[in-house]
Amino acid sequence: MAPAATTRVAGVIGDPVEHSLSPALHNAAFAALGLDWVYVAFPVGPGAGEAAVHAMRTLGLVGLSVTMPHKADVVSGLDRMGPVATRLGVVNTVSRCPSPVGDELVGESTDGPGFIDALKGDDGFDPAGRSCLVLGTGGAARAVTLALSEAQAASITVVGRRLDQARSCARLAGSAGSAQLGVPGVVSDLIASADLVVNATPVGMSAGAGLPFDLDPSAFGPRHFVTDLIYSPATTPLLAAARSRGSASANGLGMLIHQAARQVEIWTGRPAPLDAMSAGALAALGRVRR
Ligand code: NAP
């Protein structure tokens, strides 16, 4: 439906944000739910995240997605944070919740839960009791490490270029977490004893990319489930290497869709229309199927 004076607005703040798939995902969801809502991308420069979140009240926005570089700096502008955001210290979702003293701004992080939704729901891999290896120590790795721990993974080893960062990330998994410096032989040995391997580095996004930490592809086999958080390209060198050795695998599109689905549920209180959101994402990516 065409926007009208009564149309309600949600959006994403980030910098850059012009290539975000979020408008495709969320507008597909709102249309499938029959809501007179629209979702737009707001380019918001560094340092302006908190002001943008405060503007939710002024402008009556129904929800905001938050992407880089604002995931940590909007926290100071919120009234409350949900349990995952509290543990991570970052948010990717802000909602307005009525309270006796006016609307509260509430932040949560849906990346990790969205990762688990995709892993268990779409890919049929339950991390409970399994050995997991997370490559990378940034925001996505932290969300995934916490989520794997909450999903009862037996062990979560975090590999990074900097050991202090890997340790900080691994601490999110409590006694199940451990950290390793990413040197090629070590990473290949760690893969050999893992059930699940998650690439949470950007290695594989650009043309001609190699494998994260120059790992030995012969470490992969049929026992592994390998997931790359990258979704463009759809098949990274890591996924190609794993598949060629019989590993099951998935790219990051499922996580992207499910973290957005959880945002839709937070803002609307209704189950997210996953098929419509998936179709919206694929159309925006110019692909016909996952
Ligand atoms: P980030 O915070 O910048 O963290 C990137 C991590 O990768 C850091 O640990 C960094 O190490 C490491 N890294 C970068 N280049 C590397 C290299 N050449 N070799 C080894 N490690 C390297 O980024 P992020 O937000 O966590 O995102 C990571 C990836 O996940 C990106 O590809 C992003 O697109 C993807 N992602 C996907 C979704 C989804 O929904 N599918 C959601 C979030 C992120 P240093 O700290 O040492 O630089």
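**Exercise 1. Two residues and their accessibility**

Task: Classify Trp-37 as buried or exposed from its relative accessible area.

Solution.
- Step 1. Take the value for Trp-37: a relative accessible area of 15%.
- Step 2. Apply the cut-off: buried means under 20%.
- Step 3. Trp-37 is at 15%, so Trp-37 is buried.
- Step 4. Repeat for Phe-30. Its relative accessible area is 0%, so Phe-30 is buried too.

Keep in mind that this model is predicted.

**Exercise 2. Aromatic pairs**

Task: How many aromatic pairs are there, and which geometry do Phe-30 and Trp-37 adopt?

Solution.
- Step 1. Recall how such pairs are described: by the distance of the centres and the angle of the planes.
- Step 2. Set the limits. Ring centres must lie within 6.5 Å. Planes under 30 degrees apart are stacked, those over 60 are edge-to-face, and the rest are tilted.
- Step 3. Count. The rule gives three aromatic pairs.
- Step 4. Classify Phe-30 and Trp-37. Their ring centres are 5.2 Å apart and their planes meet at 70°, so this pair is edge-to-face.

Task: Now classify the pair Phe-125 and Phe-225, and say where in the chain its members sit.

Solution.
- Step 1. The two ring centres are 5.5 Å apart and the planes are at 35°, so Phe-125 and Phe-225 form a tilted pair.
- Step 2. Place the partners. Phe-125 is in the loop between α4 (111-122) and β7 (131-135). Phe-225 is in strand β11 (residues 225-228).
- Step 3. Check the separation. The two residues are 100 apart, and the pair links distant parts of the chain.
- Step 4. Add the environment: Phe-125 and Phe-225 are both buried.

**Exercise 3. The ligand site**

Task: Which residues come nearest to the ligand, and which backbones lie at polar-contact distance from it?

Solution.
- Step 1. Start with the shell. It holds 19 residues, and those that come nearest are Thr-137, Ala-140, Arg-161, Arg-162 and Gly-252.
- Step 2. Follow Ala-140 further. One of its backbone N or O atoms is 2.8 Å from a ligand oxygen.
- Step 3. Go to Leu-229. A polar backbone atom of this residue is 2.9 Å from a nitrogen atom of the ligand.
- Step 4. Go to Leu-256. Here a backbone N or O atom is 3.4 Å from a ligand oxygen.
- Step 5. Compute the cover. The ligand alone exposes 920 Å², and the protein buries 72% of that area.
- Step 6. Locate the space. The ligand takes up the largest pocket.
- Step 7. Name the elements. Those giving two or more residues to the shell are α5 (139-150) and α9 (253-268).

**Exercise 4. A polar side chain in a strand**

Task: Is Asn-199 buried or exposed, and which backbone oxygen does its side chain reach?

Solution.
- Step 1. Asn-199 lies in strand β10 (residues 196-199).
- Step 2. Its relative accessibility is 0%, so Asn-199 counts as buried.
- Step 3. Its side chain reaches the backbone oxygen of Val-203, at 3.2 Å.

**Exercise 5. Backbone exceptions**

Task: Where are the cis peptide bonds before Pro-69 and Pro-233?

Solution.
- Step 1. Recall the rule. Most peptide bonds are trans, and most residues other than glycine have a negative phi.
- Step 2. The bond from Met-68 to Pro-69 is cis, with omega near 10°. Pro-69 sits in the loop between β3 (63-66) and β4 (80-81).
- Step 3. Ser-232 and Pro-233 are joined by a cis bond, with omega about 10°. Pro-233 is in the loop between β11 and α8 (237-244).

Task: What are the phi values of Phe-213 and Asp-214, and is each residue buried or exposed?

Solution.
- Step 1. Phe-213 is not a glycine, yet its phi is positive, about 55°.
- Step 2. Asp-214 is also a residue other than glycine, with a positive phi near 50°.
- Step 3. Place both. Phe-213 is in the loop between β10 and β11, and so is Asp-214.
- Step 4. Classify them. Phe-213 has a relative accessible area of 16%, so this residue is buried. Asp-214 is at 61%, so this one counts as exposed.

Methods
Residues numbered from 1 in each chain as written. Predicted model: local features only at pLDDT ≥ 70, side-chain atom pairs only at ≥ 80, totals over all residues. Heavy atoms only, no water. Phe/Tyr/Trp six-rings, centres within 6.5 Å; stacked < 30°, edge-to-face > 60°. Buried < 20%, exposed > 50% of the residue type's maximum accessible area, 1.4 Å probe, protein only. Helix = DSSP H or I, 4+ residues; strand = E, 2+ residues; numbered from the N terminus. Near = heavy atom within 4 Å. Polar contact = N/O pair within 3.5 Å; in protein donor to acceptor, adjacent residues only side chain to side chain. Areas by Shrake-Rupley, 256 points an atom, 1.4 Å probe, with all protein chains shown as cover. 1 Å grid on protein atoms, 1.4 Å probe; cavity = no way out; pocket = protein on both sides within 12 Å on 5 of 7 lines; lining within 4 Å. Sits in = over half its atoms within 2 Å of the grid points.
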